[in-house]
Amino acid sequence: MQRELPAEWVRTIKKHMDRLEAAECFGDFLKVGLGKPEQLTGYKQIRYSLHVAANVRLILEPAADQNTVMICTEIEVEGIGDYHGRKENWYIS
């Protein structure tokens, strides 16, 4: 990842991953609000994004449905991308 992304992005992603691991469940992580988590729309599965840089987001997919997302303990990292606008630009997927 360090070869493909700027060092500042890598540090921010590492912080997000450490905080996700430290949280008891995904709901605890969301309550803290670090990384400006927001739910993404337009996908079949529930997805959230965390701020990495101005237009760059860490995209997460909790292994849960709408009713269990707050108590979810498993999260899949979909990648690093810019989802703004009509197209998706993936840096790492």
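Reader: Which side chains meet in a salt bridge at 2.8 Å, N to O?
Author: Those of Lys14 and Asp18. A salt bridge here is a side-chain nitrogen of Lys or Arg within 4 Å of a carboxyl oxygen of Asp or Glu.

Reader: What kind of model is this?
Author: The model is predicted: local features need pLDDT of at least 70, side-chain atom pairs count only at pLDDT 80 or more, and totals for chains, interfaces and linings use all residues. Residues are numbered from 1 along each chain as its sequence is written, and side-chain values use heavy atoms, with hydrogens and water left out.

Reader: And what is the mean pLDDT of the chain?
Author: The mean is 89, and 92% of the residues reach 70 or more. pLDDT is the predictor's confidence in each residue, from 0 to 100.

Reader: Which elements have the lowest and the highest mean pLDDT?
Author: E5 has the lowest, at 84, and H1 the highest, at 95. Helices (H or I, at least four residues) and strands (E, at least two) are DSSP runs, numbered from the N terminus.

Reader: Back to Lys14 and Asp18. Where do they lie?
Author: Both are in helix H1, four residues apart, about one turn of the helix.

Reader: How accessible is Lys14? And Asp18?
Author: Lys14 is partly exposed, with a relative accessible area of 48%. Asp18 also counts as partly exposed, at 38%. Buried means under 20% relative accessible area, exposed over 50%, partly exposed in between (1.4 Å probe, protein chains only).

Reader: How many salt bridges does the count come to?
Author: Three. One of them joins Glu61 to Arg47, with the closest N and O atoms 3.2 Å apart. Glu61 lies in strand E3 and Arg47 in strand E2, so this pair ties together parts that are 14 residues apart in sequence.

Reader: What does Arg47 do with Glu78?
Author: Arg47 forms a salt bridge with Glu78, the closest N and O atoms being 3.3 Å apart. That pair links distant parts of the chain, Arg47 in strand E2 and Glu78 in strand E4, 31 residues apart. Arg47, Glu61 and Glu78 are thus linked in a network of salt bridges.

Reader: Are Glu61 and Arg47 buried or exposed?
Author: Both are buried. Glu78 is buried as well.

Reader: OK, the sheet. What is the strand order?
Author: Five strands form an open sheet in the order E1-E2-E3-E4-E5, with antiparallel pairing. The edge strands are E1 (38-40) and E5 (89-92), each of which pairs on one side only. Two strands pair if DSSP finds at least two bridges between them.

Reader: How many bridges are there between E4 and E5?
Author: Strand E4 (residues 75-82) and E5 pair in the antiparallel sense over three bridges. Asp82 stands opposite Asn89 in E5.

Reader: What does H1 touch?
Author: Helix H1 (residues 7-22) packs on the sheet and touches strand E2 (47-53), strand E3 (56-62), E4 and E5. Contact means heavy atoms within 4.5 Å. The direction of H1 makes about 140 degrees with that of E2. Axes are lines fitted to C-alpha atoms, for helices over the stretch in contact, and angles run from 0 to 180 degrees between N-to-C directions.

Reader: Last topic. How many disulfides?
Author: Zero, where a disulfide is a pair of cysteine sulfur atoms within 2.5 Å. For Cys25, the nearest cysteine sulfur is that of Cys72, 8.5 Å away.

Reader: Is Cys25 buried or exposed?
Author: Cys25 counts as buried, at 16% relative accessibility. Cys72 is buried too, with a relative accessible area of 4%.
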